[in-house]
Amino acid sequence: MANLIANPRKWRNKALVLATEATYALDAAPTGLLNWIEARNVSLTPMDVDRAERNIDLPYMGTSGSVVVSTWAKLAFDIAIAPSGVVGTAPKWGALLMACGLAETVTLATSVEYNLVSNVFSSATAYMVIDGTLHKLLGMRGEVKAKMSAKGLPMLSFAFDACYVTPVTGAMPTVDRAGWMLEEAINSVNTGPANIGGVPLSFSEFDWALGNKIARMDNPGPQREILITDRKPTASITVLAPDLATFNPFALNDSGATLDLTAMHGTVAGKKIKTEMKVRITGVEYSQIEEMVGYKLTLEPLPVDGNDEIALTCL
């Protein structure tokens with residue numbers, strides 16, 4: 001007996017392209033030559049529905065079913081953090097941050113900054129091709145998390161919601177991988193200390209998340225949109241513990257002081273990424289780093305002047 005599917009589609013054969021939308025949910029038509037994303041660990045929920053239960057009282061047991069009231073899509077993936085390689089040139093992943101509530105500021109031959117905003121959010125269109133099937137995701141907005149682990153790679157993890165578009169047959173795009181630089185390992189050569197309150201500290205783990213609150217509006221009007229309605233960032237860092245006279249996290253926790261945190265990864269111009277935060281230490285645990293005493297610090301990123309609790313700069 002012949003197989004039902006002579007040539008099963010391969011999950012491995014997929015491509016993601018993404019571009020910033022000029023108008024919300026208006027197809028930005030990303031292409032493989034200009035907008036390919038070097039994604040890892042891709043997860044696609046092509047149809048994610050909201051339902052209203054019918055709740056009919058029947059003379060027997062059994063469900064009365066539900067009605068689909070809204071249809072959306074979800075897309076999640078990771079990328080490695082590696083700037084463009086040219087000072088003042090935006091990295092290929094800039095559009096991803098912009099769709100998570102950050103604004104991009106390019107200063108030619110100097111820097112590319114990503115700063116938080118509280119209104120006028122960007123959005124993105126993504127095309128996800130999975131071995132012959134094209135999924136279009138419009139009006140994408142979402143959440144981003146970062147992870148930096150010693151002897152590992154610097155990573156950003158994205159999770160987006162989008163307006164649903166019916167999948168269609170689609171050819172695999174021709175992609176141009178130019179502009180995606182080889183990421184640099186997190187180690188003593190490539191990565192500087194984390195400075196907390198002006199004290200340089202060796203770290204083994206540094207994580208943060210924007211904590212965006214996402215809403216999916218589908219109202220008469222029409223008014224259909226993925227919304228970022230608030231954010232509550234979180235962060236933690238595990239540092240090698242110096243003596244208390246040098247760095248006393250217990251006293252800093254008790255004081256409630258808001259501290260500047262900065263960390264620089266990369267040593268070559270065009271491949272440096274600086275993370276800046278305004279944080280309070282809200283928890284201290286002992287940890288071990290290669291059997292040496294460390295602190296795992298729970299951090300609370302807080303705005304001081306507004307939209308300044310987390311910032312990234314490519315240098």
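So, the second largest pocket: there's about 180 Å³ of space in there. Keep in mind this is a predicted model. What lines that second pocket? You've got A150, K151, I186, N187, S188, T191, G192, P193, S202 and F203. Strand β10, residues 191-196, gives the largest share of that lining, with three residues. If you split the lining by class, you get four nonpolar, five polar and one charged.

Okay, on to the largest pocket. Its volume comes out at about 330 Å³. Here the lining is made of 13 residues, and the ones nearest the centre are R12, K14, A15, W36 and A39. Which strand gives the most to this lining? That's β1, residues 14-20, which puts in three residues. And the class split for the largest pocket: ten nonpolar, three charged, and no polar residues. For anyone thinking about chemistry in the second largest pocket, remember that its lining has five polar residues and one charged.

Last thing, one residue away from the pocket talk: S236. You'll find S236 in strand β15, which covers residues 234-240. Is S236 buried or exposed? It's buried, because its relative accessible area is 17%, and the cut-off for buried is under 20%. And what does S236 touch, once you leave out residues up to four places away in sequence? There's E205, F206 and D207, and then K296, L297 and L299.

That's my bit, so over to you if you want to pull any of these up on screen.

Terms used:
Residues numbered from 1 in each chain as written. Predicted model: local features only at pLDDT ≥ 70, side-chain atom pairs only at ≥ 80, totals over all residues. Heavy atoms only, no water. 1 Å grid on protein atoms, 1.4 Å probe; cavity = no way out; pocket = protein on both sides within 12 Å on 5 of 7 lines; lining within 4 Å. Points joined across faces, edges and corners; volume = space filled by probe spheres on them. Helix = DSSP H or I, 4+ residues; strand = E, 2+ residues; numbered from the N terminus. Nonpolar A, V, L, I, M, F, W, Y, C, P; charged D, E, K, R; others polar. Buried < 20%, exposed > 50% of the residue type's maximum accessible area, 1.4 Å probe, protein only. Contact = heavy atoms within 4.5 Å.
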